Each structure stands twice: as C-alpha cells, then as structure tokens.
Amino acid sequence: MRALCWEGVGKLAVRDVPEPAIRAEGDIIVRVRASSVCGSDLHLINGYLPAMREGDILGHEFTGEVVETGSGVRRHQVGDRVVVGSVVACGGCWYCRTEQYSLCDNSNPQPVFTEKLWGHSPAGILGYSHAAGGYAGSHAEYIRVPFGDVGAFPVPDGVPDDSVVFASDAMPTGWMAADFCGLTGGEVVAVWGAGGVGQMAARSAQLLGAERVIMIDRFPDRLATAAERVGVETINYAETDVLEALREMTAGRGPDACIEAVGMESHDVGPTYAYDRVKQSARLQTDRPTSVRQAIMACRKGGTVSIVGVYAGLVDKFPLGAAMNKALVLRMGQMHAQRYIPMLLDRIASGEIDPGYLATHPLPLEEGARGYELFEKKQDGCLRSVLHP
Amino acid sequence: MTNNGTRWALLGVTTVTAVGVGRAVARRRHRRQPERQDGWYVVRRGVTVDRPRDAVIGFWTDRERLDRAVAGWATLEQVDDRSWRCVARDPAGGGTEWRAEITVDGPGTLRWRVEDGPVPQEGRIELVDAPQGRGTEIRAELRYRSGPLRRVFGLVKGDDPDLGLRDTLRRVKSLIECGQVIDTRRDPSGRSPGQEKATDKVREKLMTGGRA
C-alpha cells in the first residue's frame with residue numbers, strides 16, 4: 001500500500017509499505033478514507049520530539065471503513081464507517097475505567113522514553129513517534145487500530161468524511177479544553193491559536209455557556225474565518241498588545257478562562273520571542289512557551305488556564321509567580337478521545353457543530369508533503385489539509 | 001612565585017572537584033544498586049492491577065485463560081495441588097529458556113525458584129489490596145545470585161533480572177486488565193530491512209524495564 005513516511009527532519013515522502021494485519025483479537029483494520037494533518041505533527045516532522053525513526057508512517061486524525069475485524073471485536077462489522085480516536089486506550093485499566101483515556105496504562109508498548117522524560121508513561125498515540133508507542137499512522141491506505149471496540153465509533157449517516165474526520169482529534173481536543181474551564185454560563189473565554197483545535201475550542205466554549213470568546217492569532221484570514229464561522233471577537237497579536245487588549249475588552253478583569261491551543265512552536269513578536277527561538281534552536285529548552293506565558297499573565301485572578309497545545313519537555317521563564325499569586329487553576333492534557341467522541345458525533349449529526357469548513361485543502365495522499373507545507377506555512381488560506389488515500 | 005601559587009590553587013580546585021564529583025557519582029551508583037543480603041541481590045518491585053484480589057488470583061487459576069495469556073512465551077505444567085513447573089522462552093525470540101518451580105503458599109502468596117536459568121534466582125509474590133478501591137498491588141521480591149563481574153557483563157548484555165521483573169509485572173498487569181500485551185514491532189513502515197533491524201533495537205530499549 002502507499003503511505004506518507006517521515007524520512008528525516010523536515011522530509012516527507014510517499015512510499016510503498018506492507019499492509020497491516022490483525023495482530024490481536026481486539027484489532028480492526030480500517031481502510032482510510034480521510035486523514036488530516038495536525039499541528040502536533042509539525043513538532044515530529046521538525047524534530048522537536050526526538051523519537052521519530054526514518055520510515056515511520058505519520059497521521060493520527062482519520063476516518064474510514066472497517067475491512068477486517070479480530071475475533072474478539074463485538075461492536076464493529078466489515079463495511080462499517082468509523083471515526084477513530086487518535087489516542088489508543090485499552091478500556092480495561094483504572095484510567096480507562098474513569099474515562100481518562102489518554103492516560104491509559106497499557107497502550108504504550110514502549111514506555112521507557114516517556115517514563116524518563118515525564119516520570120510516567122501516558123497512553124500510546126497512533127502515528128505519533130516511538131515515544132507514543134511506535135504505532136504506524138493513518139496517512140496510508142490501511143491502518144491497524146488496536147482495541148477497536150474502545151477506540152472506533154460508528155459515523156452517523158450522511159456526515160461527510162471531511163467533516164467527521166475532525167471528531168477524531170481536533171474536536172475532542174477543543175471540547176476538552178473548554179470542559180477544563182469549568183464554565184457555568186456567562187464567562188469570557190480567550191483562546192490562543194485560531195487553528196482547527198482553537199476554533200473547535202471556541203465553539204465548544206460557546207456551547208458550554210461562554211458569553212464571549214476572544215481569539216488570538218496573527219493570520220488575518222484565520223481570524224476572519226473564526227469570526228465568521230464561530231462568531232468570536234479577535235485580536236491580531238502582530239498588531240496589538242494582547243495583554244492590554246484583553247484587559248480593556250474585559251473592563252480590567254481579564255478573561256475568566258484562557259485556552260492555549262498553540263503548543264511548543266508558538267510565535268510572537270519582540271525580543272522575548274527571539275530569545276526563545278535561540279534557546280530552542282540550541283536545544284537549551286525543548287518548547288517555546290510564548291502563548292502559555294501570555295495566557296497566565298492575561299487570565300483574571302482565580303481564573304483557569306487550560307492547555308491543550310502540545311508540549312514535550314522543558315520551558316524557560318515560566319511565570320509560576322503569576323500563576324501562584326493570582327491563584328490560577330492550571331489544567332492540561334492530551335484529550336480523552338473516547339470520552340467525548342460519541343457526544344460530539346451527535347452534535348455533528350444535529351448540526352450544532354460543523355467542523356467541515358476546517359478542511360480547506362482536500363488532497364490525494366500522493367500530495368501529502370505539499371499538504372504539510374501548505375499547512376505549516378499557512379499558504380493559500382490553509383486551515384487543514386485532509387489527505388485521501 | 002605567582003606562577004607556582006596559581007598552579008597550587010588550580011591543583012587544589014581540581015582535586016576538590018574530582019573528589020566531589022567522584023563521591024556524588026558513587027553515592028548515585030550506590031542508590032541505584034540492588035540491596036545485598038547473604039550473598040543475594042534483592043530487588044523489590046510492585047505494580048497496581050485494577051482488579052480486586054480475587055480476580056487477580058482467579059486469573060492465575062483459570063487454566064484456559066492462563067494458557068492463552070502465556071501462549072508463545074511459556075508453557076505451564078501442574079505438578080501437584082500447590083506447585084507448577086514453568087518453561088519460559090525469551091518473548092523476543094532470543095532462544096534463551098529457563099525453568100521455574102512455582103509454589104503457592106496461601107491465598108495471594110506464591111514463590112518461585114529458578115534452578116537452571118542463566119542466573120540462579122528465587123522470588124516471592126504477594127497480593128495486597130490497593131487503597132481507595134484501586135485494585136490489587138502485586139508486590140514482588142526477587143533474589144538472585146551473581147558475582148560482580150557476571151553482574152556487570154549481564155548488565156552490558158541487557159540481562160538485568162530487575163529489568164526482567166519489571167517487564168514481567170507490566171506484562172501481567174496488561175494481560176489481566178485488557179487480555180493482551182500490546183506490540184507494535186511488526187507495524188508497517190517505509191523502512192528497509194536494515195533500518196527495520198536498527199529500529200527494532202531501539203524499540204527493544206524503549207520496551208525493556210518500563211513500568212505502567
């Protein structure tokens with residue numbers, strides 16, 4: 001089969017690779033119909049998470065059709081359309097039982113790397129390097145999905161692939177970000193990053209009761225899309241002092257909750273950003289925490305900062321004093337896909353959320369490398385490239 | 001004169017640094033060494049399984065499930081009511097094999113002894129209720145004999161009984177909780193056979209000694 005493989009830092013190529021096979025009774029094999037690029041892939045492609053091996057198949061946000069099931073699979077049959085959560089969860093450990101699927105004890109077969117880095121190993125993630133288990137990814141014609149009964153969900157009739165594909169990762173991540181904020185109705189929420197996850201977080205915050213959502217980015221087209229599609233207010237940080245603007249927009253209070261949907265390669269303007277870039281390039285810090293710093297500084301006293309942008313290791317100049325003295329609640333994590341996907345599929349089917357507009361660039365798999373380039377450089381108004389093997 | 005003074009000062013600083021670093025390294029090494037007792041190395045490891053104690057015991061007494069669980073890497077033969085013989089092979093297919101005598105001491109306690117494995121060893125497993133209804137703590141104590149030279153060579157070769165114990169506990173936990181031990185070694189990739197071999201070595205390193 002054909003698959004998009006990582007060939008070294010910044011290098012991608014489509015290769016012929018063997019087809020996956022059922023390996024355990026809970027496995028299913030899915031023929032991939034749509035597989036989206038994701039901002040977190042960029043950290044892998046650009047070598048910020050040093051656990052990629054040449055030839056690894058990328059991709060973790062996808063939908064497709066079941067073509068084979070293991071003998072223990074009960075909930076799926078050949079021919080079913082499914083969307084699959086990117087986080088692999090066994091369904092049987094304490095974390096899965098308490099719906100904290102991204103912390104699954106048993107789904108990362110290669111836990112040593114993350115144990116050394118983080119103290120414990122969280123769940124495995126499909127197509128997400130050897131730190132997350134070394135699973136083959138979804139930018140391929142077929143993919144093996146372990147624990148198919150736990151991780152795959154039937155797609156409601158009539159929902160197109162390029163819409164439902166985001167129920168795999170961007171939507172549950174955005175929903176969890178808003179869920180972390182503990183909204184009770186009427187809050188002002190600020191969201192850093194107007195990409196797919198940020199826009200889904202903004203929509204989720206509205207559905208959970210936020211009265212106003214303010215979105216921060218530097219790309220006018222992304223901000224315009226968010227304003228039009230989600231109905232948010234916007235701040236362009238390249239033109240405006242974000243902290244000042246947020247304070248004024250909330251009459252001095254600051255946002256009740258701040259969602260960070262950017263991650264370790266965040267951008268900014270000014271000398272601090274230059275400092276961060278130099279430190280990260282010299283590998284003196286693994287992550288650039290620009291937007292997390294801003295979120296902490298901007299958040300109202302006693303508010304919540306919710307981090308769903310991906311961070312890998314160590315950061316510098318973290319404003320712990322601000323977080324401590326303002327009594328902030330910090331919540332963060334990889335999303336618990338399996339907890340949110342069924343509810344999100346209902347909301348897509350009922351039209352409450354329509355993520356289809358994120359798929360600005362549907363492309364054949366063969367153009368995968370170009371898809372990532374368009375996405376990374378934000379060319380041609382690209383929000384997400386979605387590959388069709 | 002100044003020159004000589006500088007030399008002495010430098011020598012002093014170097015000596016103090018060397019002694020300091022040496023002591024720190026020795027202390028760190030010492031902290032990481034297994035405990036010694038009557039000529040045995042003793043390692044204690046534990047894992048928490050999210051099942052009540054009866055279910056954990058039940059797992060080991062349900063012959064069919066157990067055989068299915070260990071299929072491919074071990075065979076079990078019941079000698080009498082309380083003892084078993086186990087022949088295990090290296091799951092990675094390294095061709096090594098060892099035999100263990102397993103004795104059940106009581107509910108939730110068992111012992112094993114390996115006579116003809118690469119390293120003489122014996123161990124004890126105790127099942128304890130975990131707090132807050134978190135299931136069962138499987139606590140294992142492993143004792144093995146090894147000379148200092150043999151231990152160093154063993155460590156270099158990757159046969160550290162402690163790593164083996166941690167792997168086994170992880171495996172057991174996974175089998176009880178989700179009925180399988182997940183493996184991604186033969187997942188598709190765009191690697192050449194040579195690259196795949198190198199990657200398998202990396203995978204092995206990332207798998208060995210991990211704890212859930």
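**Figure 1. The area buried between domain 1 and domain 2 of chain A in this predicted model.** Together, domain 1 of chain A and domain 2 of chain A bury about 2,300 Å², of which 63% lies on carbon and sulfur atoms. Buried area is the accessible area (1.4 Å probe) that two parts lose on being put together, summed over both. Domain 1 covers 2-169 + 335-388 and domain 2 covers 174-332 of chain A, with bounds from an automatic or database domain assignment. The C-alpha centres of these two domains of chain A are 25 Å apart. To the contact (heavy atoms within 4.5 Å), domain 1 of chain A gives 28 residues and domain 2 of chain A gives 26 residues.

**Figure 2. Salt bridges across the interface of domain 1 and domain 2 of chain A.** The rule (a side-chain nitrogen of Lys or Arg within 4 Å of a carboxyl oxygen of Asp or Glu) finds zero salt bridges between these domains of chain A.

**Figure 3. Helix H11 of chain A.** Helices are DSSP runs (H or I, at least four residues), numbered from the N terminus. Eight of the nine residues of H11 (residues 290-298) of chain A are buried (under 20% relative accessible area, 1.4 Å probe, protein chains only), so the helix is largely enclosed by the rest of the structure. Among them are Thr290(A), Val292(A), Arg293(A) and Ile296(A).

**Notes.** Residues are numbered from 1 along each chain as its sequence is written, and chains are lettered from A and ligands numbered from 1 in the order in which they are written. In this predicted model local features need pLDDT of at least 70, side-chain atom pairs count only at pLDDT 80 or more, and totals for chains, interfaces and linings use all residues, while side-chain values use heavy atoms, with hydrogens and water left out.

Note on methods: Buried < 20%, exposed > 50% of the residue type's maximum accessible area, 1.4 Å probe, protein only. Helix = DSSP H or I, 4+ residues; strand = E, 2+ residues; numbered from the N terminus.
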